[in-house]
Amino acid sequence: MQILKDRIKKDGKIREGNVLKVDSFLNHQMDIALFAQIGQELKRRFADETITKILTIEASGIGIACIVAQYFEVPVVFAKKNKTKNIAGDVYTSSVESYTHGRSYDIMVSKEFLSADDNVLIIDDFLANGSALLGLAALVEHAGARLVGAGIVIEKGFQPGGQMLREKGLRIESLAIVDAMGPDGIVFR
Ligand code: 5GP
């Protein structure tokens, strides 16, 4: 998606540890006109699919997922982090290793909001090592729902998550794939 790649080139900042900061339009301040274009593009790519629910993870996925969901006309469910299971009640849980924080945490979704009747599209801001996506896919599996695929805004193609998950048969549509980033800038696939 060219407009997204141009924006990443213009406003993205490369940080230590292969972290790409896109706080001015995606992760802190949010450019809703751009989110709308992301929603339209993902709807176009998944037009052949029946989708009944969008699943994301708090916090940075929520804003994107909500705008994308307007084009699919389905509810958004977000996986919550770090709630103790006995307080949470009847939930599906899985574990995620945080790329940006370097620790692992549990995620959960209430059984009320994912069921075997659902066709689920996962939406997230980044794909790096694939742990977030794996954790979300596990929730879908626990629910007995069908995982249609994943729509990702930025995939870091030089990290293993994308290849690992595609080899498992997951359909991943990434709108911008970064193949390299460093002092010479950002190279897209
Ligand atoms: P993964 O689980 O695929 O390793 O990482 C995905 C999650 O880590 C995303 O939900 C995103 O929040 C965060 N993340 C991974 N890489 C980056 C990055 O380069 N920049 C930012 N802003 N977030 C990242």
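Q: Two strands pair if DSSP finds at least two bridges between them; over how many bridges do strand β3 (residues 53–57) and strand β4 (residues 76–81) pair?
A: The model is predicted. In it, Leu55 of β3 stands opposite Val77 in β4. The two strands run in the parallel sense, and the number of bridges between them is four.

Q: What is the strand order of the open sheet of eight strands?
A: The pairing in this sheet is mixed. Neighbouring strands are turned against each other by an average of 30°, direction ignored. Read across the sheet, the order is β5-β6-β4-β3-β7-β8-β9-β10.

Q: Which strands stand at the edges of the sheet?
A: In general, strands of a sheet pair through backbone hydrogen bonds. An edge strand here has a single partner strand, so one side of it is left without a neighbour in the sheet. The strands in that position are β5 (91–97) and β10 (185–188).

Q: What angle does the direction of helix α6 (residues 131–143) make with that of β5?
A: Helix α6 packs on the sheet and touches β3, β4, β5, β6 (104–110), β7 (119–127), β8 (146–156) and β9 (172–182). Taken against the direction of β5, the angle of α6 is about 160°.

Q: Are α3 and α4 parallel or oblique to each other?
A: Helix α3 (residues 32–45) and helix α4 (residues 60–72) pack with their axes 8 Å apart, at an angle of about 50°. Angles under 35 degrees count as roughly parallel, and 65 to 115 as roughly perpendicular. The pair falls in neither range, and α3 and α4 are therefore oblique.

Q: How many residues of the contact of α3 with α4 are nonpolar?
A: The crossing of α3 past α4 is right-handed. On α3 the contact is made by Ile32, Phe35, Ala36, Ile38, Gly39, Gln40, Leu42 and Lys43, and on α4 by Gly63, Ile64, Ile67, Val68, Tyr71 and Phe72. Of these residues three are polar and one is charged, and the nonpolar count is ten.

Q: Which residues are joined by a cis peptide bond?
A: The bond has an omega of about 5°. One of its partners, Ala59, lies in the loop between β3 and α4. The residues joined are Glu58 and Ala59.

Q: Does Glu73 count as buried or exposed?
A: Glu73 is located in the loop between α4 and β4. Its phi is positive, about 55°, although Glu73 is not a glycine. The cut-off for exposed is over 50% relative accessible area. Glu73 has 71% relative accessibility and therefore counts as exposed.

Q: What is the relative accessibility of Asn18?
A: Asn18 sits in the loop between β1 (13–15) and β2 (19–21). Asn18 is not a glycine, yet its phi is positive, near 60°. Asn18 counts as partly exposed because its relative accessibility is 36%.

Q: Leaving aside neighbours within four places in sequence, which residues are in contact with Leu170?
A: Leu170 is found in the loop between α7 (161–167) and β9. Its relative accessible area is 12%, so Leu170 is buried. Beyond its sequence neighbours, the contacts of Leu170 are Leu133, Leu147, Gly149, Ala150 and Leu165.

Key: Residues are numbered from 1 along each chain as its sequence is written. This is a predicted model: local features need pLDDT of at least 70, side-chain atom pairs count only at pLDDT 80 or more; totals for chains, interfaces and linings use all residues. Side-chain values use heavy atoms; hydrogens and water are left out. Axes are lines fitted to C-alpha atoms, for helices over the stretch in contact, and angles run from 0 to 180 degrees between N-to-C directions. Angles under 35 degrees count as roughly parallel, over 145 as roughly antiparallel, 65 to 115 as roughly perpendicular and the rest as oblique. A crossing is left-handed if the near helix is turned anticlockwise from the far one by less than a right angle, and right-handed if clockwise. Contact means heavy atoms within 4.5 Å. Ala, Val, Leu, Ile, Met, Phe, Trp, Tyr, Cys and Pro count as nonpolar, Asp, Glu, Lys and Arg as charged, and the others, Gly among them, as polar. Two strands pair if DSSP finds at least two bridges between them. Buried means under 20% relative accessible area, exposed over 50%, partly exposed in between (1.4 Å probe, protein chains only).
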